[in-house]
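Student: Before we start, can you walk me through how the labels on a model like this get earned? I'd like to see the cut-offs next to the values.

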Amino acid sequence: MAENVFDPNYGKPAAPETAAKPRTETTRSTNGDALVDVVALRGIDQVYDQGGKPHVVFRNFSLSIPDIPDRGQFITIMGPSGCGKSTILRYISGLQKPTAGEILFKGQPRDPHESVPMVFQQYSNFEWKSVLHNVTLPLELQGVDHREAEEKARAMLKVVGLEAHADKYAKYPNLSGGQLQRVAIARSLVVHPSILLMDEPFGALDVKTRREMQDFLRAIFEAQEDMTVILVTHSESEAVFLSDKVVVLNANPATIVADIPIHLPSARDDAARIAPEFEHYVAKVRKALS
Ligand code: ADP
Ligand code: MG
């Protein structure tokens, strides 16, 4: 965690064998036991009332995010607007309960003490607080001692490259759009969550900043020991660059139309974007979406 992602050697694969190992191919531990899913949605129904008529978003919908021991994985969910992507993230975060069905974490119902942070497209920072206090907040809510919280928050701000901005208000234009999303990411990561949810987090950024944030996010993910990221995006290239697996949904009610493992090296930089397989995966994702 203390690794600096801006170190020039950061993210270089330590051993080619490790780097090339796909994260999404096994659901069994080394001793052959079946592994319990990190997150599983089981038999989900979601029906809204739409002017007196039922609007069925999910009907007996299930989704499994298998455990890859000690690796974590980066999963992206794509699909047309309104198909239920944000709703899935809200179920996992605990912000919403389905009409029927269950959400299991390693086979168990939600542990109310474990937070599952979410990063949104709209900056969700506390604008009247400093950058530092935006990041200490979740620790303080957990009862972490003030000094320890500040220490951990400063370490996390270093990881996201914002240590020089700790005392600024976390708002535009004091910080740029990309920097504000880094604050939100730092606030999410400071509690070392096992799952991080991201709902179109880079949708409001310009193209260049967005690419920088993709590089940054993949590097941050690589630096975590065992974290599952579940991202929603409308960008096929963003999905391919970031993910170990892309899940494509269609709508009314939602079904999974494709589950596409992305076998690019774990550590990714611009070279991944020009690798011959990259366009192949982008085309595959685009086809599943069409
Ligand atoms: P996505 O993120 O894939 O665009 P959402 O998960 O936000 O879609 O929403 C899925 C569907 O549920 C949409 O059709 C939306 O209109 C509907 N919906 C979401 N929340 C409500 C609500 N509170 N009342 C009625 N319909 C809702
Ligand atoms: Mg949405």
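**Rings, sheets and their labels**

Tutor: Let's begin with the rings: Phe58, Phe61 and Tyr91 form one aromatic cluster. Keep in mind that this is a predicted model, where local features need pLDDT of at least 70, side-chain atom pairs count only at pLDDT 80 or more, and totals for chains, interfaces and linings use all residues. Residues are numbered from 1 along each chain as its sequence is written, chains are lettered from A and ligands numbered from 1 in the order in which they are written, and side-chain values use heavy atoms, with hydrogens and water left out.

Student: How many aromatic pairs does a search of the whole structure find?

Tutor: Four. Rings of Phe, Tyr and Trp (its six-membered ring) pair if their centres lie within 6.5 Å; planes under 30 degrees apart count as stacked, over 60 as edge-to-face and the rest as tilted.

Student: Why is the pair of Phe58 and Tyr91 called tilted?

Tutor: The ring centres of Phe58 and Tyr91 are 6.0 Å apart and the planes make 50 degrees, so the pair gets the name tilted. Phe58 is in strand β2 and Tyr91 in helix α2, so this pair ties together parts 33 residues apart in sequence. Helices (H or I, at least four residues) and strands (E, at least two) are DSSP runs, numbered from the N terminus.

Student: What makes Phe58 count as buried?

Tutor: Buried means under 20% relative accessible area, exposed over 50%, partly exposed in between (1.4 Å probe, protein chains only). Phe58 has 0% relative accessibility, so it counts as buried. Tyr91 has 1%, so Tyr91 is buried too.

Student: And why is the pair of Phe126 and Trp128 edge-to-face?

Tutor: Their centres lie 5.7 Å apart with the planes at 80 degrees, so that pair is edge-to-face. Phe126, at 26% relative accessibility, counts as partly exposed, while Trp128, at 62%, counts as exposed.

Student: How do you know that the charged end of Arg182 sits over the ring of Phe216?

Tutor: The test is that NZ of Lys or CZ of Arg is within 6 Å of the ring centre and within 35 degrees of the ring normal. For Arg182 and Phe216 the distance is 4.4 Å. Lys171 also lies over a ring face, that of Tyr169, at 5.9 Å from the centre.

Student: On to the sheets. What makes β2 and β4 edge strands?

Tutor: Two strands pair if DSSP finds at least two bridges between them. The open three-stranded sheet has the order β2-β1-β4, with antiparallel pairing, and β2 (53-65) and β4 (100-105) each pair on one side only. Strand β1 (residues 39-50) is joined to β4 by five bridges, and Ala40 stands opposite Leu104 in β4.

Student: How do you know that β3 and β8 pair?

Tutor: Strand β3 (residues 74-78) and strand β8 (residues 245-250) share four bridges in the parallel sense, with Ile77 opposite Val247 in β8. They belong to an open sheet of six strands, ordered β5-β6-β7-β3-β8-β9, with mixed pairing.

Student: Where does helix α2 lie relative to β1?

Tutor: Helix α2 (residues 85-93) lies across β1, β2 and β4, running at about 120 degrees to β1. Axes are lines fitted to C-alpha atoms, for helices over the stretch in contact (heavy atoms within 4.5 Å), and angles run from 0 to 180 degrees between N-to-C directions.
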